Amino acid sequence: MKKSIYDIIAQEEYFKADMIRLLGVHGSHDIETLRCAAEKTLFDNCGKRVFFRGLIEFSNHCICDCNYCGIRKSNAAVRRYVLKKKEVVDSALFCAKQGYGSIVLQSGEREDDAFVTYVEDVVKTIKRETVSSVLPDGIGITLCVGEQTRETYERFFAAGAHRYLLRIESSTPRLFEFIHPKTQKLQSRIECLRTLKNIGFQVGTGVMIGLPTQTLEELAEDVLFFKDMDVDMIGMGPYIVHTETPMALHKDETAARHDEILQLSLNMIAVTRLVLKNVNIASTTALQAMDATGREKGLLFGANVIMPQSTPTDVRNDYLLYEGKPCLDENALQCKNCIERRITSIGREPGYNSWGDSLHFSNCI
Ligand code: SAH
């Protein structure tokens, strides 16, 4: 007899077939059962606090040509920018002042010397300038600047970044190849994740959800990949079309699946929480791009990290990975007030002035 959703959730261990069932739940009753279980697992393992990562998108120059991404190298319509060091440092200081204990420095991918030295210098300066009585070791820094050599990762770590986010995008070879040019390899991304762990970073990864041709089985394999890689953090969200990309070919079918992809993204957060238990999971901006209350929904389905947009407003419009990105014209202070309201409105607590490290990482060392 087919197991009920209750039976599956009550199990200690989840098999791939169970995950596939949970990922595909629909109908308000089953969805609520899944959501409650994920929320309980979150509260039991990590508590009610939601941690902040002020998101600073410091450059959109990119040497990669991902088939889904709006800032891909081949998109000539993008106005390219690199923030001045002072602008990044000022944004970080602003985040510290708002009580965000951590920031994410994100950019397109580059591997030239000037870039590596710039990132290293920015990280060092931010660490030095954000030391305070509430943040005695400075603000927590997560880097999200793509695939780099071991030596570069070591320099970033020595400079003071202690977390690194590198999404695998899809862990299944078939789908990874479908969404990337031939020059970009799944295996090299996996190697980077291993290197980052080995150096001592808290490591995050994640995937896009609702990619054309992606199956529930592939998403279940992604969750198993997260588990096998023993990562500390997850950042994932719905795939959203950008017109100036090769995957815009599938625009209409993606648009027609809007509600389904939104729910699938929430189910994916819930299943990841049930399986990985004490990792940090971000409720990403892409969720809010799909639904005005998408980020709250992400928190309700088991996420515990939120990334307030902290990029200077004048370049935010140039960092468009996908269409319909929210908060483009809100200044960072409006963003903070709005997010705090959203967190308290669902009975959670803002985790101000704390790095909010993944308990999965702290419990392993
Ligand atoms: N260069 C960095 C940062 C990339 S942008 C790196 O390689 O890690 C951050 C993330 O945005 C990507 O990892 C990808 O998962 C997501 N992204 C890009 N295009 C997207 C789209 N069209 N829809 C949803 N998410 C997208």
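# Close-up views of a predicted model

**View 1. Valine 78 and its surroundings in the predicted model.** Valine 78 lies in the loop that connects β1 (49–59) with α4, in a model that is predicted. With a relative accessibility of 17%, valine 78 counts as buried, because the cut-off for that class is under 20% relative accessible area. Leaving aside residues up to four places away in sequence, valine 78 touches Asn60, Gly70, Ile71 and Asp318. A long-range neighbour in the view is leucine 320, which is 242 residues from valine 78 along the chain, while the C-alpha atoms of the two residues are separated by 8.7 Å.

**View 2. Strand β1 and its pairing partners.** Of the 11 residues of β1, 10 are buried, so this strand is largely enclosed by the rest of the structure. β1 runs parallel to strand β10 (residues 349–350), to which two bridges join it, and within this pairing valine 50 has proline 350 as its bridge partner. Two bridges also join β1 to strand β9 (residues 305–306), again in the parallel sense, and here phenylalanine 52 stands opposite isoleucine 306. With strand β2 (residues 102–107), β1 forms a parallel pairing over six bridges, in which isoleucine 56 of the one strand faces leucine 105 of the other. The connection from β1 to β2 passes through α4, and the resulting β-α-β crossover is right-handed.

**View 3. The packing of helices α4 and α5.** Helix α4 (residues 85–98) and helix α5 (residues 113–129) pack with their axes 10 Å apart and at an angle of about 35 degrees, and their crossing is right-handed. On the α4 side the contact is made by Lys85, Val88, Val89, Ala92 and Leu93, and on the α5 side by Tyr118, Asp121, Val122, Thr125, Ile126 and Glu129. Sorted by character, the residues of this contact comprise seven nonpolar, one polar and three charged.

**View 4. Strand β3 between β2 and β4.** Strand β3 (residues 140–144) is mostly covered, with five of its five residues buried. The burial extends to both faces of β3, since Gly140, Thr142 and Cys144 are buried on one side and Ile141 and Leu143 are buried on the other. β3 pairs with β2 in the parallel sense over five bridges, and valine 104 has threonine 142 as its bridge partner there. The chain segments β2, α5 and β3 together make a right-handed β-α-β unit. Two bridges join β3 to strand β4 (residues 163–165), and these strands too run parallel, with leucine 143 standing opposite tyrosine 164 in β4. From β3 the chain crosses through helix α6 (residues 150–159) to β4, in a β-α-β crossover that is right-handed.

**View 5. Phenylalanine 43 in helix α3.** Phenylalanine 43 has its place in helix α3 (residues 28–46) and is partly exposed, its relative accessible area being 27%. Residues up to four places away in sequence are not counted in its contacts, and beyond that range phenylalanine 43 touches Lys48 and Arg348. Asparagine 304, although 261 residues from phenylalanine 43 in sequence, is 9.7 Å from phenylalanine 43 in space, C-alpha to C-alpha.

**View 6. Two loop residues with positive phi.** Most residues other than glycine have a negative phi, and the two residues in this view are described against that background. Glutamate 169, which is found in the loop between β4 and α7 (173–179), has a phi near 70 degrees, a positive value in a residue other than glycine. At 9% relative accessibility, glutamate 169 counts as buried. Threonine 213 is placed in the loop between β6 (208–209) and α9 (216–229), and its phi is likewise positive, at about 75 degrees, although threonine 213 is not a glycine. With a relative accessible area of 43%, threonine 213 is partly exposed.

How values were computed: Residues numbered from 1 in each chain as written. Predicted model: local features only at pLDDT ≥ 70, side-chain atom pairs only at ≥ 80, totals over all residues. Heavy atoms only, no water. Axes fitted to C-alpha atoms, helices over the stretch in contact; angles between N-to-C directions. Helix = DSSP H or I, 4+ residues; strand = E, 2+ residues; numbered from the N terminus. Left-handed = near helix turned anticlockwise from the far one by under 90°. Contact = heavy atoms within 4.5 Å. Nonpolar A, V, L, I, M, F, W, Y, C, P; charged D, E, K, R; others polar. Buried < 20%, exposed > 50% of the residue type's maximum accessible area, 1.4 Å probe, protein only. Pairing = 2+ DSSP bridges. Right-handed = clockwise from strand over helix to strand, strands pointing away.
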